[in-house]
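User: Please take a close look at a single helix in this model and describe how it sits among its surroundings.

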Amino acid sequence: MSSSSPLPSSSSPSSSPLLPPAARLRGLRPDWLRDPKVWRTEVLAGLVVALALIPEAISFSIIAGVDPAIGLFASFTMAVTIAVVGGRRAMISAATGAVALVIAPLNREHGLGHLVAAVILAGVFQVILGAVGVAKLMRFIPRSVMVGFVNSLAILIFLAQVPELTDVPWPVYPLVAAGLALMVLFPRVTTTVPAPLVSIVILTVVTVAAGIAVPTVGDKGELPSSLPMPGLPDVPFTVDTLTTVAPYAFAMALVGLMESLMTAKLVDDITDTQSNKTRESIGQGIANIVTGFFGGMGGCAMIGQTMINVKVSGARTRLSTFLAGAFLMVLCIVFGPIVSDIPMGALVAVMVMVSFATFDWHSVAPRTLKRMPAGEIAVMVITVAVVVATHNLAIGVVVGSVTAMVVFARRVAHFAEVTAVVDPDGRTAVYRVTGALFFASSNDLVQQFNYKDDPERIVIDLSAAHVWDASSVAALDAVETRYARRGKVVEITGLNEPSARIHGELTGELTGGH
């Protein structure tokens, strides 16, 4: 069902003209319709994710300063919509803390109507950004930033559980321990039913049957009793409204896309499959537009719930994403009283296990750290530190990527070398330049020549170098200028075609001539 899947070849069973129509249709059916095991895995995974979404959505609603139903509606519409239009199968999108933090000031200052308008406008921005190819920027995010992203995410997931473990009745702690034990041991018995679901059910039954007084999902807020209805945001449709919501909408669009694309890349690595990042970017926009018209608070990909779905439960198709949203509303509307009795300790145990499974332990192993370049380790640590300090994954990724660029520039800058060779007749000095010439490496280029003692003719051989930018051309011009002041002639040779083109266009134009 993913748009990233290759089209069937003419020799594939599903497209062979020798097969009857019924057989060809069977070949085109999604995996969950052809294999009962896949269907069972997807359904149970969707149920587990839905249970985990409820307290998260309520918590994010509180952060945004809106009624819990707003966050739950957003999670429902985001998940159901992205399951159809998204570019990454099995990834979960719903109301998130990052989006809540961005739009909370708008809701606080101007009210829910402006928040909903911002969600719709953010969706429009995301569709535009996706259409112009913003997803291609993902290739500029280095692995060290990706590892930092994953590790900081695991830390944030764990830290988000700490409030549920402080100032609570003592039975919460054995409940969490029992939940963790169940999730570790139950897969050794069978993997037919996801261990998190078993843990949640058993702990709920125990607490209700024994009458143990512990915090429950119902304590987080009242669950909705009906489906959301579509409508327009309650705001004046004026330029003033647009200028008010636009900055928040654009920030939300950027944060949502960055988190969604990073999560999609992570799922690509876990499942060893490719996703369509452009489709995912546009899909996120469509999902937010739909969510806004249903009065939701918007959202993006959720790394924690996605890890539950993909890594813990083993889901791989769009069905699990769709059912996570559908089950969420069914659980709230039909089984609200039962869901309200689920102990928070059971859900905390699930999220702690997700945190442990998400963290890249290999990246911090002593053996790995000894072999990794210091710059790579610094980028990873800075990414983690910024994310944990700001609780904003997008800021951490940006800072980490900029740091990685600086580290790379410093490293590459040392690769440019100048070697001097004087002709036997003493009338020509030949300088051979090797490496990449760009703003960082070209800064020291001017100092590598002996302007005073060189003969009248100087040849700069660039056959082993590449000119990348205007800074390099300006440096070469400066070298020529210094020699010209002493009545000496410089000849630049060996330029490859791209270098010759940029040098020819810019030489003599950057400083008003020689």
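Analyst: The helix chosen here is α5, followed by the parts around it. This is a predicted model, in which local features need pLDDT of at least 70, side-chain atom pairs count only at pLDDT 80 or more, and totals for chains, interfaces and linings use all residues. Residues are numbered from 1 along each chain as its sequence is written, and side-chain values use heavy atoms, with hydrogens and water left out.

Helix α5 covers residues 97-110; helices are DSSP runs of H or I with at least four residues, strands are runs of E with at least two, and both are numbered from the N terminus. The expected span is 1.5 Å times one less than the number of residues. For the 14 residues of α5 that gives 20 Å, and the end C-alpha atoms are 20 Å apart, which agrees. The helix nevertheless bends by about 40° at Ile 103, with Pro 105 following within four residues; the bend is the angle between axes fitted to the seven residues ending at a position and the seven starting there.

At the start of α5, a side-chain oxygen of Thr 96 comes to within 3.4 Å of the backbone nitrogen of Val 99. After the helix comes Gly 111, with a positive phi near 100°.

Buried residues of α5 include Gly 97, Val 99, Val 102, Ile 103 and Leu 106, where buried means under 20% relative accessible area, exposed over 50% and partly exposed in between (1.4 Å probe, protein chains only). The cover over the buried residues of α5 includes α3, α6, α10 and β2 (300-301).

Two of these covering helices, α6 and α10, are also linked by an aromatic pair. Rings of Phe, Tyr and Trp (its six-membered ring) pair if their centres lie within 6.5 Å; planes under 30 degrees apart are stacked, over 60 edge-to-face, and the rest tilted. The structure holds seven such pairs. Phe 125 and Phe 250 form an edge-to-face one, at 5.5 Å centre to centre and 90° between the planes. Phe 125 lies in α6 (residues 112-131) and Phe 250 in α10 (residues 239-271), so the pair ties together parts 125 residues apart in sequence. Phe 125 is partly exposed at 22% relative accessibility, and Phe 250 is partly exposed at 38%.

Helix α3 (residues 36-64) gives the largest share, 12 residues, of the largest nonpolar core. That core has 101 residues; a nonpolar core is a set of buried Ala, Val, Leu, Ile, Met, Phe, Trp, Tyr and Cys residues joined through side-chain atoms within 4.5 Å.

Notes. Contact = heavy atoms within 4.5 Å. Polar contact = N/O pair within 3.5 Å; in protein donor to acceptor, adjacent residues only side chain to side chain.
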